Amino acid sequence: MKSMEGIQHKTVSVNGINMHIAEKGEGPLILFIHGFPELWYTWRHQINGLAALGYRALAPDLRGYGGTDAPDCVADYTCFHAVGDLIALLDMEAPPEKEDKVFVVGHDWGAIIAWFLCLFRPDRVKALFTLSAPFITCDPRFKPIETLEVLLGKDYYIVRFQEPGEMEAEFAEISLRRAVLELLSYRIPDPLYLRKGNLFGHPLDCPVNLPPWLSDQDADYYANQFQETGITGALNYYRNIDTDWELLAPWWKSQIQVPVKFAMGDHDLVYTMPGVKDYILNGGLKRNVPFLEEALVINGVSHWINEEIPDQINQLLFDFFSKFN
(Lines give C-alpha, C1' and ligand atoms only; values in the text may rest on other atoms or scores of the structure.)
Protein backbone atom coordinates (compact mmCIF):
# COMPACT_ATOMS: atom_id res chain seq x y z
CA MET A 1 0.00 0.00 0.00
CA LYS A 2 1.41 3.35 -1.03
CA SER A 3 0.27 4.97 2.24
CA MET A 4 2.52 2.56 4.16
CA GLU A 5 5.73 3.20 2.19
CA GLY A 6 8.66 4.28 4.29
CA ILE A 7 6.77 4.04 7.59
CA GLN A 8 8.76 2.05 10.14
CA HIS A 9 7.16 -0.13 12.80
CA LYS A 10 8.42 -1.42 16.11
CA THR A 11 7.21 -2.53 19.52
CA VAL A 12 8.46 -0.90 22.71
CA SER A 13 7.93 -1.67 26.39
CA VAL A 14 6.25 1.26 28.18
CA ASN A 15 4.40 1.55 31.47
CA GLY A 16 4.09 -2.23 31.86
CA ILE A 17 2.72 -2.94 28.37
CA ASN A 18 4.11 -3.59 24.90
CA MET A 19 3.16 -0.75 22.57
CA HIS A 20 3.24 -0.79 18.78
CA ILE A 21 4.37 2.44 17.17
CA ALA A 22 4.69 3.67 13.59
CA GLU A 23 7.16 6.38 12.71
CA LYS A 24 8.74 8.22 9.83
CA GLY A 25 11.01 11.18 9.26
CA GLU A 26 13.66 13.16 11.11
CA GLY A 27 13.37 16.43 12.96
CA PRO A 28 11.19 17.78 15.77
CA LEU A 29 8.91 15.03 17.07
CA ILE A 30 5.15 15.09 16.56
CA LEU A 31 3.18 12.60 18.66
CA PHE A 32 -0.06 11.59 16.94
CA ILE A 33 -2.79 10.11 19.17
CA HIS A 34 -5.66 8.28 17.49
CA GLY A 35 -9.32 8.00 18.50
CA PHE A 36 -12.13 5.42 18.31
CA PRO A 37 -12.37 3.07 16.50
CA GLU A 38 -9.07 4.00 14.96
CA LEU A 39 -5.42 2.94 14.99
CA TRP A 40 -2.06 4.52 14.24
CA TYR A 41 -3.26 4.09 10.65
CA THR A 42 -5.69 6.99 10.90
CA TRP A 43 -2.62 9.25 10.76
CA ARG A 44 -1.07 7.69 7.64
CA HIS A 45 -1.56 10.88 5.57
CA GLN A 46 -0.16 13.08 8.34
CA ILE A 47 2.80 10.76 8.98
CA ASN A 48 3.83 10.93 5.34
CA GLY A 49 2.97 14.59 4.92
CA LEU A 50 4.73 15.94 8.02
CA ALA A 51 7.74 13.64 7.61
CA ALA A 52 8.21 15.15 4.14
CA LEU A 53 8.14 18.62 5.72
CA GLY A 54 10.98 17.96 8.16
CA TYR A 55 9.34 16.37 11.19
CA ARG A 56 9.61 13.03 12.91
CA ALA A 57 6.07 11.64 13.04
CA LEU A 58 5.36 9.07 15.75
CA ALA A 59 1.97 7.35 16.03
CA PRO A 60 1.28 4.56 18.54
CA ASP A 61 -1.60 2.17 18.80
CA LEU A 62 -3.09 3.07 22.18
CA ARG A 63 -3.44 0.35 24.83
CA GLY A 64 -6.23 -2.00 23.78
CA TYR A 65 -5.78 -1.26 20.09
CA GLY A 66 -4.00 -2.94 17.19
CA GLY A 67 -0.50 -4.17 17.94
CA THR A 68 -0.43 -2.82 21.50
CA ASP A 69 -1.25 -4.96 24.53
CA ALA A 70 -4.84 -4.98 25.76
CA PRO A 71 -5.05 -5.44 29.54
CA ASP A 72 -8.08 -7.49 30.59
CA CYS A 73 -9.31 -5.26 33.40
CA VAL A 74 -11.68 -2.37 32.60
CA ALA A 75 -9.99 -0.33 35.34
CA ASP A 76 -6.72 -0.36 33.36
CA TYR A 77 -8.02 2.16 30.82
CA THR A 78 -8.25 5.37 32.82
CA CYS A 79 -6.86 8.74 31.76
CA PHE A 80 -3.86 8.12 34.00
CA HIS A 81 -3.04 4.83 32.28
CA ALA A 82 -3.32 6.39 28.82
CA VAL A 83 -1.18 9.42 29.67
CA GLY A 84 1.26 7.23 31.58
CA ASP A 85 1.79 5.13 28.47
CA LEU A 86 2.51 8.20 26.37
CA ILE A 87 4.88 9.81 28.88
CA ALA A 88 6.82 6.54 29.08
CA LEU A 89 6.89 6.46 25.28
CA LEU A 90 8.22 10.01 25.12
CA ASP A 91 10.83 9.24 27.78
CA MET A 92 12.07 6.47 25.50
CA GLU A 93 11.75 8.12 22.09
CA ALA A 94 12.36 11.76 23.02
CA PRO A 95 14.12 11.79 26.41
CA PRO A 96 13.98 15.18 28.15
CA GLU A 97 17.72 15.66 27.99
CA LYS A 98 17.51 15.53 24.17
CA GLU A 99 14.03 16.86 23.38
CA ASP A 100 12.31 18.20 26.47
CA LYS A 101 9.11 19.19 24.65
CA VAL A 102 7.30 17.72 21.66
CA PHE A 103 4.38 18.61 19.41
CA VAL A 104 1.16 16.68 20.05
CA VAL A 105 -1.82 16.01 17.77
CA GLY A 106 -4.97 14.19 18.83
CA HIS A 107 -8.28 13.23 17.24
CA ASP A 108 -11.49 12.12 18.97
CA TRP A 109 -10.48 10.07 22.05
CA GLY A 110 -6.91 10.87 21.09
CA ALA A 111 -7.75 14.56 21.47
CA ILE A 112 -9.21 13.91 24.92
CA ILE A 113 -6.05 12.05 25.93
CA ALA A 114 -3.94 14.84 24.43
CA TRP A 115 -5.80 17.40 26.57
CA PHE A 116 -5.12 15.23 29.63
CA LEU A 117 -1.45 14.97 28.65
CA CYS A 118 -1.21 18.77 28.56
CA LEU A 119 -3.14 19.09 31.81
CA PHE A 120 -0.90 16.64 33.69
CA ARG A 121 2.46 17.24 32.01
CA PRO A 122 2.61 20.60 30.22
CA ASP A 123 6.38 20.47 30.70
CA ARG A 124 6.56 17.86 27.91
CA VAL A 125 4.42 19.66 25.29
CA LYS A 126 5.65 22.38 22.95
CA ALA A 127 2.28 22.93 21.26
CA LEU A 128 -0.96 21.01 20.82
CA PHE A 129 -3.28 20.62 17.84
CA THR A 130 -6.54 18.83 18.57
CA LEU A 131 -9.26 17.66 16.23
CA SER A 132 -12.98 17.05 16.93
CA ALA A 133 -13.00 16.91 20.75
CA PRO A 134 -12.73 20.23 22.64
CA PHE A 135 -11.34 20.48 26.16
CA ILE A 136 -14.08 20.39 28.78
CA THR A 137 -13.24 20.77 32.45
CA CYS A 138 -14.71 18.13 34.72
CA ASP A 139 -17.38 19.37 37.07
CA PRO A 140 -17.49 16.89 39.97
CA ARG A 141 -21.09 17.86 40.71
CA PHE A 142 -22.27 15.94 37.64
CA LYS A 143 -21.84 12.38 36.37
CA PRO A 144 -21.11 12.37 32.63
CA ILE A 145 -22.88 9.12 31.71
CA GLU A 146 -25.95 9.94 33.73
CA THR A 147 -26.05 13.40 32.15
CA LEU A 148 -25.69 11.99 28.62
CA GLU A 149 -28.49 9.50 29.27
CA VAL A 150 -30.80 12.28 30.44
CA LEU A 151 -29.95 14.47 27.43
CA LEU A 152 -29.74 11.86 24.68
CA GLY A 153 -31.36 8.67 25.96
CA LYS A 154 -30.37 5.10 26.70
CA ASP A 155 -29.63 4.25 23.05
CA TYR A 156 -26.98 6.95 22.68
CA TYR A 157 -23.79 5.14 21.73
CA ILE A 158 -21.68 6.24 24.72
CA VAL A 159 -24.41 5.10 27.10
CA ARG A 160 -24.76 1.80 25.22
CA PHE A 161 -21.00 1.17 25.50
CA GLN A 162 -21.03 1.12 29.31
CA GLU A 163 -21.98 -2.48 30.14
CA PRO A 164 -18.95 -4.79 29.67
CA GLY A 165 -19.58 -7.48 27.07
CA GLU A 166 -22.93 -6.17 25.88
CA MET A 167 -21.85 -4.23 22.80
CA GLU A 168 -19.17 -6.80 22.01
CA ALA A 169 -21.91 -9.43 21.73
CA GLU A 170 -24.18 -7.22 19.64
CA PHE A 171 -21.34 -6.27 17.31
CA ALA A 172 -20.51 -9.96 16.92
CA GLU A 173 -24.09 -10.63 15.82
CA ILE A 174 -23.67 -8.39 12.78
CA SER A 175 -19.89 -9.17 12.58
CA LEU A 176 -17.24 -7.03 14.20
CA ARG A 177 -15.93 -6.15 10.76
CA ARG A 178 -19.24 -4.60 9.77
CA ALA A 179 -19.58 -2.78 13.09
CA VAL A 180 -16.14 -1.16 12.77
CA LEU A 181 -16.78 -0.09 9.18
CA GLU A 182 -20.22 1.29 10.08
CA LEU A 183 -18.63 3.37 12.83
CA LEU A 184 -15.86 4.65 10.54
CA SER A 185 -18.46 5.50 7.89
CA TYR A 186 -20.77 7.48 10.18
CA ARG A 187 -20.75 11.02 8.85
CA ILE A 188 -24.17 12.38 9.80
CA PRO A 189 -24.11 15.51 12.00
CA ASP A 190 -26.51 13.93 14.46
CA PRO A 191 -26.11 11.82 17.61
CA LEU A 192 -25.25 8.16 16.97
CA TYR A 193 -27.88 5.84 18.39
CA LEU A 194 -27.33 2.09 18.60
CA ARG A 195 -30.72 0.46 19.02
CA LYS A 196 -30.70 -3.18 20.02
CA GLY A 197 -31.53 -5.38 17.05
CA ASN A 198 -31.06 -2.52 14.57
CA LEU A 199 -27.68 -1.06 15.49
CA PHE A 200 -26.95 1.11 12.48
CA GLY A 201 -30.30 0.97 10.73
CA HIS A 202 -28.92 -0.64 7.57
CA PRO A 203 -29.90 -3.99 6.00
CA LEU A 204 -27.26 -6.57 6.83
CA ASP A 205 -27.38 -8.01 3.30
CA CYS A 206 -26.11 -4.70 1.88
CA PRO A 207 -22.42 -3.72 2.04
CA VAL A 208 -21.37 -0.80 4.21
CA ASN A 209 -21.41 2.46 2.26
CA LEU A 210 -17.81 3.58 2.75
CA PRO A 211 -17.02 7.31 2.62
CA PRO A 212 -14.95 8.49 -0.36
CA TRP A 213 -11.82 8.94 1.76
CA LEU A 214 -11.83 5.30 2.92
CA SER A 215 -10.67 2.84 0.25
CA ASP A 216 -11.40 -0.86 0.31
CA GLN A 217 -7.76 -1.39 1.33
CA ASP A 218 -8.12 1.08 4.19
CA ALA A 219 -11.33 -0.63 5.32
CA ASP A 220 -9.64 -4.02 5.23
CA TYR A 221 -6.75 -2.79 7.35
CA TYR A 222 -9.01 -1.41 10.07
CA ALA A 223 -11.37 -4.37 10.02
CA ASN A 224 -8.63 -6.99 10.05
CA GLN A 225 -6.89 -5.36 13.02
CA PHE A 226 -10.06 -5.26 15.10
CA GLN A 227 -11.04 -8.79 14.08
CA GLU A 228 -7.66 -9.93 15.36
CA THR A 229 -7.66 -8.04 18.67
CA GLY A 230 -11.33 -7.50 19.41
CA ILE A 231 -12.91 -4.21 20.42
CA THR A 232 -13.15 -4.58 24.20
CA GLY A 233 -10.01 -2.55 24.91
CA ALA A 234 -11.28 0.30 22.75
CA LEU A 235 -14.66 0.29 24.51
CA ASN A 236 -13.03 0.27 27.93
CA TYR A 237 -12.05 3.93 27.54
CA TYR A 238 -15.76 4.77 27.44
CA ARG A 239 -16.35 2.57 30.48
CA ASN A 240 -13.96 4.75 32.46
CA ILE A 241 -15.57 8.09 31.65
CA ASP A 242 -17.24 8.40 35.06
CA THR A 243 -14.09 7.15 36.79
CA ASP A 244 -11.96 9.66 34.88
CA TRP A 245 -14.34 12.40 35.93
CA GLU A 246 -13.78 11.48 39.58
CA LEU A 247 -10.01 11.18 39.17
CA LEU A 248 -9.88 14.61 37.53
CA ALA A 249 -11.53 16.37 40.46
CA PRO A 250 -8.20 17.94 41.58
CA TRP A 251 -7.98 19.64 38.17
CA TRP A 252 -11.47 21.13 38.22
CA LYS A 253 -11.34 24.63 36.71
CA SER A 254 -7.70 24.13 35.70
CA GLN A 255 -6.66 25.57 32.35
CA ILE A 256 -4.57 24.15 29.53
CA GLN A 257 -1.31 26.06 29.70
CA VAL A 258 0.28 25.27 26.33
CA PRO A 259 -0.19 26.84 22.87
CA VAL A 260 -3.18 25.23 21.14
CA LYS A 261 -5.00 25.17 17.85
CA PHE A 262 -8.30 23.32 17.49
CA ALA A 263 -10.25 22.25 14.41
CA MET A 264 -13.39 20.29 13.66
CA GLY A 265 -16.01 19.98 10.94
CA ASP A 266 -19.49 21.41 11.24
CA HIS A 267 -20.84 17.98 10.25
CA ASP A 268 -19.08 16.35 13.21
CA LEU A 269 -21.42 14.49 15.56
CA VAL A 270 -19.49 16.05 18.48
CA TYR A 271 -20.16 19.57 17.19
CA THR A 272 -23.90 18.96 17.27
CA MET A 273 -23.94 17.62 20.85
CA PRO A 274 -25.96 19.83 23.24
CA GLY A 275 -24.00 22.97 24.12
CA VAL A 276 -20.82 22.18 22.18
CA LYS A 277 -21.25 24.69 19.34
CA ASP A 278 -21.96 27.52 21.76
CA TYR A 279 -19.05 26.48 23.99
CA ILE A 280 -16.60 26.57 21.08
CA LEU A 281 -17.82 29.69 19.31
CA ASN A 282 -18.79 31.93 22.24
CA GLY A 283 -15.73 31.90 24.45
CA GLY A 284 -16.11 28.84 26.67
CA LEU A 285 -13.22 26.94 25.10
CA LYS A 286 -11.02 30.04 25.11
CA ARG A 287 -11.62 30.56 28.84
CA ASN A 288 -10.38 27.06 29.61
CA VAL A 289 -7.60 27.16 27.00
CA PRO A 290 -6.14 30.68 27.34
CA PHE A 291 -3.36 30.08 24.80
CA LEU A 292 -5.82 28.92 22.14
CA GLU A 293 -4.75 30.51 18.88
CA GLU A 294 -7.86 29.55 16.94
CA ALA A 295 -10.89 27.28 17.07
CA LEU A 296 -11.51 26.48 13.43
CA VAL A 297 -14.85 25.03 12.29
CA ILE A 298 -14.64 23.78 8.71
CA ASN A 299 -17.83 23.73 6.66
CA GLY A 300 -19.07 20.45 5.22
CA VAL A 301 -16.52 18.24 7.01
CA SER A 302 -17.41 15.24 9.16
CA HIS A 303 -15.93 13.74 12.31
CA TRP A 304 -13.16 11.98 10.36
CA ILE A 305 -11.50 15.29 9.55
CA ASN A 306 -7.86 14.16 9.26
CA GLU A 307 -8.79 11.46 6.74
CA GLU A 308 -11.41 13.48 4.88
CA ILE A 309 -9.26 16.54 4.18
CA PRO A 310 -5.69 15.31 4.85
CA ASP A 311 -3.85 17.90 2.76
CA GLN A 312 -5.62 20.79 4.47
CA ILE A 313 -4.96 19.33 7.92
CA ASN A 314 -1.31 18.74 7.05
CA GLN A 315 -0.92 22.37 6.01
CA LEU A 316 -2.65 23.59 9.19
CA LEU A 317 -0.33 21.44 11.31
CA PHE A 318 2.77 22.65 9.48
CA ASP A 319 1.78 26.32 9.66
CA PHE A 320 1.00 26.10 13.39
CA PHE A 321 4.01 24.07 14.49
CA SER A 322 6.42 26.14 12.38
CA LYS A 323 5.86 29.02 14.79
CA PHE A 324 7.59 27.10 17.59
CA ASN A 325 10.67 25.71 15.85
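Below, a biologist puts questions to a modeller about a predicted model. Residues are numbered from 1 along each chain as its sequence is written. Local features need pLDDT of at least 70 and side-chain atom pairs count only at pLDDT 80 or more, while totals for chains, interfaces and linings use all residues, and side-chain values use heavy atoms, with hydrogens and water left out.

Biologist: How far does helix 3 reach from its first C-alpha to its last?

Modeller: Helices (H or I, at least four residues) and strands (E, at least two) are DSSP runs numbered from the N terminus. Helix 3 takes in residues 109-120, 12 in number. The expected span is 1.5 Å times one less than the number of residues. For this helix 16 Å is expected, and its reach is close to that, at 16 Å.

Biologist: And how many of the 12 residues of helix 3 are buried?

Modeller: Buried means under 20% relative accessible area, exposed over 50%, and partly exposed in between (1.4 Å probe, protein chains only). W109, W115, F116 and F120 are among the buried ones. Helix 3 is largely enclosed by the rest of the structure, because the buried count is 11.

Biologist: Which helix gives the most to the lining of the largest pocket?

Modeller: On a 1 Å grid over the protein atoms alone, a pocket is an open set of points with protein on both sides within 12 Å along at least five of seven lines; a cavity is a set where a 1.4 Å probe fits but cannot get out; lining residues have an atom within 4 Å of a point. Of the 36 lining residues here, I112, I136, P144, W245 and M273 lie nearest the centre. Helices 3, 4, 5, 10 and 11 each supply at least two lining residues. With five residues, the top contributor is helix 3.

Biologist: What is the volume of that largest pocket?

Modeller: Grid points are joined across faces, edges and corners, and a volume is the space filled by probe spheres set on the points. The lining divides into 26 nonpolar (Ala, Val, Leu, Ile, Met, Phe, Trp, Tyr, Cys and Pro), four charged (Asp, Glu, Lys and Arg) and six polar residues (the others, Gly among them). The space inside comes to about 1,100 Å³.

Biologist: Which residues are closest to the centre of the second largest pocket?

Modeller: This pocket has a volume of about 330 Å³. Its lining has 11 nonpolar, five polar and four charged residues. Of the 20 lining residues, the closest to the centre are E182, Y186, I188, F200 and H202.

Biologist: What volume does the largest cavity have?

Modeller: The count is one cavity of 30 Å³ or more. Its lining includes F36, P37, D108, Y157 and W304, and it divides into 10 nonpolar, one polar and one charged. The volume is about 130 Å³.

Biologist: Is the peptide bond from F36 to P37 cis or trans?

Modeller: P37 sits in the loop between strand 3 (29-33) and helix 1 (44-52). Omega for the bond from F36 is near -10 degrees, and that bond is cis.

Biologist: Which residue in the loop between helix 6 and helix 7 has a positive phi?

Modeller: That loop joins residues 166-174 and 176-184. The residue there is partly exposed, with a relative accessible area of 30%. Phi is about 90 degrees although the residue is not a glycine: S175.

Biologist: Which residues touch the most other members of the largest nonpolar core?

Modeller: Such a core is a set of buried Ala, Val, Leu, Ile, Met, Phe, Trp, Tyr and Cys residues joined through side-chain atoms within 4.5 Å. This one has 121 residues, and its largest share, 10 residues, comes from helix 3. Contact means heavy atoms within 4.5 Å, and beyond four places in sequence F171 meets F161, L176, A179, L183, L194, L199, F200 and I231. The residues with the most partners in the core are F36, F171 and F321.

Biologist: Is T68 buried or exposed?

Modeller: T68 lies in the loop between strand 4 (56-60) and helix 2 (79-93). Past four places in sequence, T68 touches I17, N18, M19, H20, D61, L62 and R63. With a relative accessible area of 6%, T68 is buried.

Biologist: And what does D242 touch beyond four places in sequence?

Modeller: D242 belongs to helix 10 and is partly exposed, with a relative accessible area of 22%. Leaving aside residues up to four places away, its contacts are K143, P144 and I145.
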